[in-house]
Amino acid sequence: MNDTVLLTRDGAVATLTLNRPDALNALDYAMVDALVACTAEVAADDALRVVVLRGAGRHFMAGGDIRTFAGELPQPPARRQEGFTRMVDRMHAAIEALHRMPHPVVGRVHGAVAGFGLSLANACDLVVASDDAYFASAYRHIALTPDGGGSWSLPRIVGLRRAMEIMLLGERFDAATARDLGIINRVVPAAELDAAVAAIVDSLARGPAFALRGAKRLVRESLSRTLSEQLQAEAVSFGRCTAQPDFAEGITAFLEKRAPKFGAQ
């Protein structure tokens, strides 16, 4: 493990911090390895309830490290193609882990959210941005196509036409526009970003873990199901929830007119 991604835990909350602030947290080979390892670790930790993804310094992530890319230019085109394909295949394991892990993932974004950084934010379940955040696909500016699941997630979030506009034109847009497009959930003043994220994390951490995991799974898997398949999945998940202690607590608390105290699952 290297220190380009930091993994910290506070009870049932894990925080992944992209940690190349002097390079705008741009993705290099070491960060690929660290991101894959850290996302796999938190995905397998059943004691967790929430994962936060953030960037150190002034930016979330400005995309791929251009200096790393430039270092490969002396390679013959075929070797270059093979190497970059292998790198992207590897880092895609981190994207799958974010999508598939049972815990909700909250993105805390500020500054640049570009290229792979935009794809990474799109892989989160909820995203809170500071009002100084700015967003861009950016790939076209260095003659690349999207990675990190960007071409999969973005059309599902914003629709085909807007996804085409973002990808083909590569124009920068601000946090308010990102919120209106559905790319992020909330925009707050930069000074209030940590507090806003903490409030969401606290709500999730205190919530009914089994039910919240089930809700994430249902929404994520709905993208590949028919309506009939999704209705069946909802019935199964609903039934499983009723067998959990949190269900009894939720019903009892409602009848007693008090806040529920959900326990660990």
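I looked first at the face of helix 6 turned away from its buried side, and I found the exposed residues Arg161 and Leu168 there; exposed means over 50% relative accessible area, buried under 20%, and partly exposed in between, with a 1.4 Å probe and protein chains only. The model is predicted, so I noted that local features need pLDDT of at least 70, that side-chain atom pairs count only at pLDDT 80 or more, and that totals for chains, interfaces and linings use all residues. Residues are numbered from 1 along each chain as its sequence is written, and side-chain values use heavy atoms, leaving out hydrogens and water.

Helix 6 spans residues 160-169, and in it I found Ala163, Ile166 and Met167 buried. They lie on the same side of helix 6, because they cover an arc of only 90° around the axis, the arc being that of the directions from the helix axis to the C-beta atoms. Helices (H or I, at least four residues) and strands (E, at least two) are DSSP runs, numbered from the N terminus.

What do the buried residues of helix 6 pack against? I listed helix 4 (116-122), helix 5 (150-158), strand 8 (173-174) and helix 7 (175-181), where contact means heavy atoms within 4.5 Å. After helix 6 comes Gly170, with a positive phi near 65°.

I then turned to the open sheet of 3 strands, which has the order 5-7-8 and mixed pairing; two strands pair if DSSP finds at least two bridges between them. Strand 7 (residues 134-136) pairs with strand 8 in the antiparallel sense over 2 bridges, and Phe135 stands opposite Phe173 in strand 8.
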